[in-house]
Amino acid sequence: WKKCIIKKGARSTADGEASKKRMARLSLSSVLCALVMATRLGAAAEIPLLTWDGAATHPVRTVDDPVMGGGSESFFRVDAPVGVWEGEVKIVSFLQAPGFCTLRSESGLFPDVRRTQALELRLRGSSGLQNYSLQIGVEGITSSQEVYAANFQLAQTSPSHQIKEERVVNVPWSAFTLTFRGKPHAGPRLSDHLDKINRVGVGTSGVAGKFKLEINGFVAVSE
């Protein structure tokens with residue numbers, strides 16, 4: 001009987017050691033899974049939408065107010081790794097109000113950015129106008145004249161003075177409003193359709209004058 005007890009205790013000890021090893025393997029597996037998930041989340045925390053460094057290149061074009069009878073004009077060129085957009089917004093004579101200039105990507109496929117909270121416009125430099133709007137198109141909702149827009153303002157400069165320092169404009173997705181020809185109107189929230197973005201851009205906003213933006217890129221970010 002005593003001998004049986006000893007053997008049983010040996011088996012219990014062996015079972016205990018095996019259980020510890022299994023738990024250790026499970027713990028290691030959990031840690032590795034957590035690291036993989038953290039890496040994936042970290043990678044998703046910053047998603048380029050439009051850049052000129054090869055990370056997220058899309059064809060772009062300017063659309064200015066001559067399409068509606070105005071005289072504003074803008075031009076775009078690539079000076080890798082940045083895109084340079086410059087021009088002049090003029091008063092539309094029959095409206096006696098400033099016209100507009102816009103820079104926009106052609107419609108296309110963009111990454112799903114539902115894990116992000118904001119859009120950043122990253123600039124290498126700027127001069128002239130202060131008032132702009134970020135613009136986003138969404139498949140099945142927006143059109144050439146209908147877009148999600150969010151206004152922002154840069155530090156004041158003169159047309160001849162250029163700020164040569166990198167700056168970031170951070171705009172939460174919740175700040176974007178659906179607009180038609182620049183006027184807000186009712187529609188679904190942009191934050192509910194971040195997996196359907198098909199256009200990215202920037203436009204002047206309600207002020208006449210010369211401007212220049214040196215753009216590093218448009219990037220969706222988590223914070």
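**View 1. Strand β10 gives the most to the lining of the largest pocket.** In this predicted model, β10 supplies five of the lining residues. β10 covers residues 146–153, and other strands join in too: β2, β6 (97–98), β7 (101–105), β9, β13 (177–180), β14 and β15 each supply at least two residues of the lining. The pocket has a volume of about 1000 Å³. To find the pocket's centre, look for Phe100, Arg181, Gly182, Lys183 and Thr204, which are the closest to it among the 36 lining residues. Sorted by class, the lining holds 14 nonpolar, 15 polar and seven charged residues.

**View 2. Seven strands form an open sheet.** Follow the strands across in the order β2-β7-β15-β9-β10-β13-β14, and you will find antiparallel pairing. At the edges lie β2 (60–64) and β14 (183–184), each of which pairs on one side only. As a reminder, strands of a sheet pair through backbone hydrogen bonds, either parallel or antiparallel.

**View 3. Strands β9 and β15 pair within the open sheet.** Here β9 (residues 131–138) meets β15 (residues 197–204) in the antiparallel sense, over seven bridges. A handy pair to pick out is Ile136 with its bridge partner in β15, Val200.

**View 4. Strand β16 pairs with β1, β4 and β8.** Begin with β1 (residues 46–51), which is antiparallel to β16 and joined to it by five bridges; Thr51 has Gly217 as its bridge partner there. Next comes β4 (residues 82–89), also antiparallel to β16, with seven bridges. In this pairing, Glu86 is matched with Lys212 of β16. Finally, 10 bridges link β8 (residues 118–128) to β16 in the antiparallel sense, and Ser127 stands opposite Lys212.

**View 5. The largest nonpolar core has 38 residues.** Four of them, Ile136, Trp173, Phe176 and Phe218, touch the most other members. Strand β16 (residues 209–221) provides the largest share of this core, with five residues. β16 is also mostly covered, as 11 of its 13 residues are buried.

**View 6. Phe218 and the residues it touches.** Leaving aside residues up to four places away in sequence, Phe218 touches Pro48, Leu49, Leu50 and Trp52. Its contacts also include Leu119, Glu120, Leu121 and Leu134. Val200, Gly201 and Val202 complete the list. You have already met Val200 as the bridge partner of Ile136.

Note on methods. Residues numbered from 1 in each chain as written. Predicted model: local features only at pLDDT ≥ 70, side-chain atom pairs only at ≥ 80, totals over all residues. Heavy atoms only, no water. Pairing = 2+ DSSP bridges. Helix = DSSP H or I, 4+ residues; strand = E, 2+ residues; numbered from the N terminus. 1 Å grid on protein atoms, 1.4 Å probe; cavity = no way out; pocket = protein on both sides within 12 Å on 5 of 7 lines; lining within 4 Å. Points joined across faces, edges and corners; volume = space filled by probe spheres on them. Nonpolar A, V, L, I, M, F, W, Y, C, P; charged D, E, K, R; others polar. Core = buried A, V, L, I, M, F, W, Y, C linked by side-chain atoms within 4.5 Å. Buried < 20%, exposed > 50% of the residue type's maximum accessible area, 1.4 Å probe, protein only. Contact = heavy atoms within 4.5 Å.
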